[in-house]
Amino acid sequence: MEIIIKNQTVKLKNSMRAIMCYEQITGKPFSPVTMTDLMVYFYSTIIASNLEMELAFDEFVAWLDDNNEKFAEFTTWLTNQNKINEPLKQPTPKKKRVQKQ
């Protein structure tokens, strides 16, 4: 997904850097559930995808107010990214229980 913000084209990347930015901003583990969580992750993907861009969160929110269709586009893009990455997830091995005798 590409967006134009502050006269710059940014190709968004659903990356470890974006997750790390999200966790640093929120102070909690990555698990976006609420609309606010998704907005913060959207912001995180922008700043993680373009390290040279200076973008305050308030600037992002103002941009989003003027381009609110981009939020729906982002959530669709994120859902599709998660579907693409689903086969890459390793199943969690189950712990074997040892029976006491």
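**Exercise 1. How many of the 15 residues of H2 are buried, and which are they?**

Solution. Helix H2 is mostly covered, with 12 of its 15 residues buried. The model is a predicted one. Now name the residues. In the first part of the list stand Asp37, Leu38, Met39, Val40, Tyr41 and Phe42. Tyr43, Ser44, Thr45, Ile46, Ala48 and Ser49 complete the buried set of H2.

**Exercise 2. Check the span of helix H2 against its 15 residues.**

Solution. Start with the rise: 1.5 Å a residue. The expected span is 1.5 Å times one less than the number of residues. For residues 35–49 that gives 21 Å. Then take the end C-alpha atoms of H2, which lie 21 Å apart, so expectation and model agree.

**Exercise 3. Describe how H2 packs on helix H3.**

Solution. First, the geometry. The axes of H2 and H3 (residues 57–66) are 11 Å apart and meet at an angle of about 110°. Angles of 65 to 115 degrees count as roughly perpendicular, so H2 is roughly perpendicular to H3. Next, the residues. H2 contributes Met39, Val40, Phe42, Tyr43 and Ile46. H3 contributes Phe57, Phe60, Val61, Trp63 and Leu64. Last, the chemistry. The contact of H2 with H3 holds 10 nonpolar residues, no polar and no charged ones.

**Exercise 4. Is Lys70 buried or exposed? Which residues does Lys70 touch?**

Solution. Locate Lys70 in helix H4 (residues 69–85). Its relative accessible area is 18%. Buried means under 20%, so Lys70 is buried. Now set aside residues up to four places away in sequence. Lys70 then touches Met1, Glu2, Ile3, Phe42 and Trp63.

**Exercise 5. Place Leu12 and list its contacts.**

Solution. Leu12 sits in the loop between strand S2 (8–11) and helix H1 (16–26). At 4% relative accessibility, Leu12 counts as buried. Glu2 is 10 residues away along the chain, and its C-alpha atom is separated from that of Leu12 by 5.9 Å. Leave aside neighbours within four places in sequence. The contacts of Leu12 are then Met1, Ile3, Phe42, Thr45, Ile46, Ser49, Phe74 and Trp77.

**Exercise 6. Summarise the chain as a whole.**

Solution. Count the elements: 4 helices and 2 strands. Read them along the sequence: β-β-α-α-α-α. Then take burial: 31% of the 101 residues count as buried. The chain exposes about 7700 Å², and carbon and sulfur atoms supply 53% of that area. Finish with the contacts between residues at least 6 apart in sequence: 56% of them join residues at least 24 apart.

Key
Residues numbered from 1 in each chain as written. Predicted model: local features only at pLDDT ≥ 70, side-chain atom pairs only at ≥ 80, totals over all residues. Heavy atoms only, no water. Buried < 20%, exposed > 50% of the residue type's maximum accessible area, 1.4 Å probe, protein only. Contact = heavy atoms within 4.5 Å. Areas by Shrake-Rupley, 256 points an atom, 1.4 Å probe, with all protein chains shown as cover. Axes fitted to C-alpha atoms, helices over the stretch in contact; angles between N-to-C directions. Parallel < 35°, antiparallel > 145°, perpendicular 65-115°, else oblique. Nonpolar A, V, L, I, M, F, W, Y, C, P; charged D, E, K, R; others polar.
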